[in-house]
Amino acid sequence: MQVLLDETQQLRQELYDHPIYTSFTTLHNVKHFMQYHVFAVWDFMSLVKSLQDHFCGTQTPWTPPKNAEVARFINEIVLGEESDVMPSGQTISHFEMYLMAMKEVGADTNPILSFLDAVSHATEDMSKLLKQLPLDPSIADFLRFTFNTIASGKMHCIAASFAFGREDIIPNMFMKVVGELDRSTHIPAFRYYLERHIELDGDEHGPLAMEMVKAICGDDQEKWQEATDAVKDSLQARINLWTSIELRNPKLLSNAY
């Protein structure tokens with residue numbers, strides 16, 4: 001695993017150093033960011049659900065998982081992501097938590113809700129659907145990468161993309177965002193979402209996801225190399241999305257609310 005970390009270090013650093021994190025000092029910029037980022041919050045669950053479907057025996061009739069350790073890792077991650085608890089005691093998925101935060105700041109939820117409605121009624125696969133829907137190209141490209149990864153059926157690549165292209169990078173990214181929000185307006189729901197992910201992904205989900213990749217790849221060097229390539233592509237996809245969000249906001253570095 002150390003080789004994977006070493007080979008992806010430059011891209012991780014590029015992601016952490018992205019100038020978009022300096023934009024979270026105005027409510028306008030927060031809203032702009034959330035209207036794009038929500039699609040990445042949504043497709044995250046498709047990655048983990050594809051792992052759960054493969055490793056955890058979600059079909060009937062049930063059969064025992066081939067690797068109970070991996071199944072436990074995935075189920076623990078799904079538990080937190082799909083049914084976390086708000087400070088009020090309300091049980092809610094992290095995606096729904098994000099929608100709640102969007103409404104709090106006045107971000108437009110219509111694009112993501114319309115997209116979900118189209119997905120729920122679609123008869124085509126995601127690759128065809130993404131060509132038909134009126135999505136911003138940066139969002140379509142990001143989603144296309146995610147669902148192409150899933151469609152590959154290479155579980156070690158899906159797991160690596162999930163673990164190192166999502167779970168591992170989130171705490172550092174979100175800590176940068178929280179640092180800027182401290183100087184911004186009062187938006188407790190968004191702050192709670194960010195801090196909850198810093199806590200869970202840093203202390204629990206991130207380490208679990210890494211152990212999952214180790215268990216899946218084992219001593220297979222070919223799998224480790226393909227996993228490394230998948231992580232590089234995942235990090236680049238995130239960098240591209242951040243850059244697109246930045247470029248599409250003419251007020252990104254302004255102080256106008």
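1. By class, nine nonpolar, three polar and three charged residues make up the lining of the largest cavity. The model is a predicted one, and the volumes and linings below are computed from it.

2. This cavity has a volume of about 130 Å³. Its lining comprises 15 residues, of which Ala40, Val41, Phe44, Ile170 and Tyr193 are the closest to the centre of the cavity.

3. Four elements each give two or more residues to the lining of the largest cavity: α2 (27–55), α4 (94–105), α9 (170–181) and α10 (188–217). The largest share comes from α2, with five residues.

4. The largest cavity is one of two in the structure that reach 30 Å³ or more. The second largest holds about 60 Å³ of space.

5. The lining of the second largest cavity consists of Leu47, Phe142, Phe145, Thr146, Thr149, Ser161, Gly165, Arg166, Ser234 and Arg238. By class, these residues divide into three nonpolar, five polar and two charged. Gly165 is counted among the polar residues under the scheme used.

6. At least two lining residues of the second largest cavity come from each of α7 (137–151), α8 (155–167) and α11 (221–247). The largest share, four residues, is supplied by α7.

Methods: Residues numbered from 1 in each chain as written. Predicted model: local features only at pLDDT ≥ 70, side-chain atom pairs only at ≥ 80, totals over all residues. Heavy atoms only, no water. 1 Å grid on protein atoms, 1.4 Å probe; cavity = no way out; pocket = protein on both sides within 12 Å on 5 of 7 lines; lining within 4 Å. Points joined across faces, edges and corners; volume = space filled by probe spheres on them.
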